[in-house]
Amino acid sequence: MRIVEIFASKQGEGLWTGEPSAFVRVGGCRLHCRYCDTPYASWNCEEGENLTADQVVQRVISLKQPHVVVTGGEPMLFRETTELTQKLERLGLIITIETSGTIDLPVRSHLTSISPKLSNSTPDISVGEKILCRHEQNRQRISITQKLIDSYSYQLKFVADAENDLPEIEFFLQQLSHVNKNRVFLMPQAITAEEISAKEKWLRPYAEEKKYVYCPRMQILWYGNRRGT
Ligand code: SF4
């Protein structure tokens with residue numbers, strides 16, 4: 001499988017914020033989100049190296065972290081992710097899978113972190129009609145998101161760019177069943193501390209009113225918008 005980077009850091013988002021973790025970034029994604037913060041691992045991934053699941057496991061072991069986060073790109077695109085998570089589980093590691101929630105692949109996961117893509121993820125036409133159409137056709141699969149929620153311990157992380165994204169988040173949630181509100185995280189779309197602070201002003205009160213969880217992107221506040229963090 002194509003692996004772009006493996007590094008140790010702290011989880012910056014969601015339920016396990018602050019947990020020391022090894023991050024395994026799988027290369028490749030069929031989406032083309034406007035705000036993607038890892039384009040080098042996404043639609044046009046040319047970085048990294050092809051590694052077997054055993055090679056990835058050896059590198060993760062060397063990092064000596066209690067958690068491992070399998071992220072991307074879109075790790076659920078690749079059937080090797082199944083074998084990788086099985087091997088990581090046998091080591092006793094606490095596994096998070098980060099996914100857009102649109103692909104159903106059997107994996108071993110202690111936390112399936114689903115980031116549904118709203119219309120604010122849609123790229124503009126400059127990317128080309130074909131890429132734009134592929135993004136729109138693939139960015140949401142309610143039935144698969146529901147299956148992931150029903151099958152795993154989960155969290156839903158929504159990226160909000162502006163206040164008019166909030167009704168769309170509500171509409172998405174209304175199409176799902178059995179969603180625990182304290183597993184719904186609302187994150188500002190931001191790559192600087194200043195942007196986080198500006199969007200927090202309307203996003204935090206909304207999350208609190210709805211009994212969701214406001215989720216600043218702590219990795220940006222800790223390290224800035226840098227790779228390998
Ligand atoms: S799903 Fe994630 S990795 Fe893929 S384009 Fe969107 S933000 Fe980037």
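Here is a quick tour of a predicted model, taking in its sheet, two of its helices, a couple of residues and a pocket.

## The sheet

Let's start with the strands. Nine of them make up an open sheet with mixed pairing, and the order across it is β3-β1-β2-β4-β5-β6-β7-β8-β9. At the edges sit β3 (49–50) and β9 (213–214), each of which pairs on one side only.

As a bit of background, strands of a sheet pair through backbone hydrogen bonds, and they can do so parallel or antiparallel. For a parallel example here, look at β6 (residues 111–114) and β7 (residues 154–160), which pair over three bridges. If you want to find a spot where these two meet, try T112: its bridge partner in β7 is Y154.

## Helices against the sheet

Helix α2, residues 80–90, packs on the sheet and touches β2 (20–26), β4 and β5 (94–99). The direction of α2 makes about 155° with that of β5.

Then there's helix α6, made of residues 193–210, which lies across β7, β8 (184–188) and β9. Helix α6 runs at about 155° to β8.

## E5, tucked away

Go to strand β1 (residues 2–10) and you'll find E5. Is E5 buried or exposed? Its relative accessible area is 12%, and the cut-off for buried is under 20%, so E5 counts as buried.

What does the side chain of E5 make polar contacts with? One partner is the side chain of R25, at 2.6 Å; another is the side chain of Y40, at 3.2 Å. Leaving aside residues up to four places away in sequence, E5 touches F23, V24, R25, Y40, R227 and G228.

## K64, out in the open

K64 belongs to the loop between α1 (53–63) and β4 (67–71). With a relative accessible area of 70%, K64 is over the 50% needed to count as exposed, so that is its label.

You can also use K64 to get a sense of distance. From K64 to K181 is 117 residues in sequence and 33 Å in space, going C-alpha to C-alpha.

## The largest pocket

The largest pocket holds about 850 Å³ of space. How many residues line the largest pocket? There are 42, and R25, D37, T38, G72 and R217 are the ones nearest its centre. R25 should ring a bell, as its side chain makes that polar contact with E5.

Several elements share the job of lining the largest pocket: β1, β2, β5, β7 and α7 (218–223) each supply at least two residues.

How values were computed. Residues are numbered from 1 along each chain as its sequence is written. This is a predicted model: local features need pLDDT of at least 70, side-chain atom pairs count only at pLDDT 80 or more; totals for chains, interfaces and linings use all residues. Side-chain values use heavy atoms; hydrogens and water are left out. Helices (H or I, at least four residues) and strands (E, at least two) are DSSP runs, numbered from the N terminus. Buried means under 20% relative accessible area, exposed over 50%, partly exposed in between (1.4 Å probe, protein chains only). Two strands pair if DSSP finds at least two bridges between them. Contact means heavy atoms within 4.5 Å. Axes are lines fitted to C-alpha atoms, for helices over the stretch in contact, and angles run from 0 to 180 degrees between N-to-C directions. A polar contact is a pair of N or O atoms within 3.5 Å; within protein, one must be able to donate a hydrogen and the other to accept it, and residues adjacent in sequence count only if both atoms are side-chain atoms. On a 1 Å grid over the protein atoms alone, a cavity is a set of points where a 1.4 Å probe fits but cannot get out, and a pocket is an open set with protein on both sides within 12 Å along at least five of seven lines; lining residues have an atom within 4 Å of a point. Grid points are joined across faces, edges and corners, and a volume is the space filled by probe spheres set on the points.
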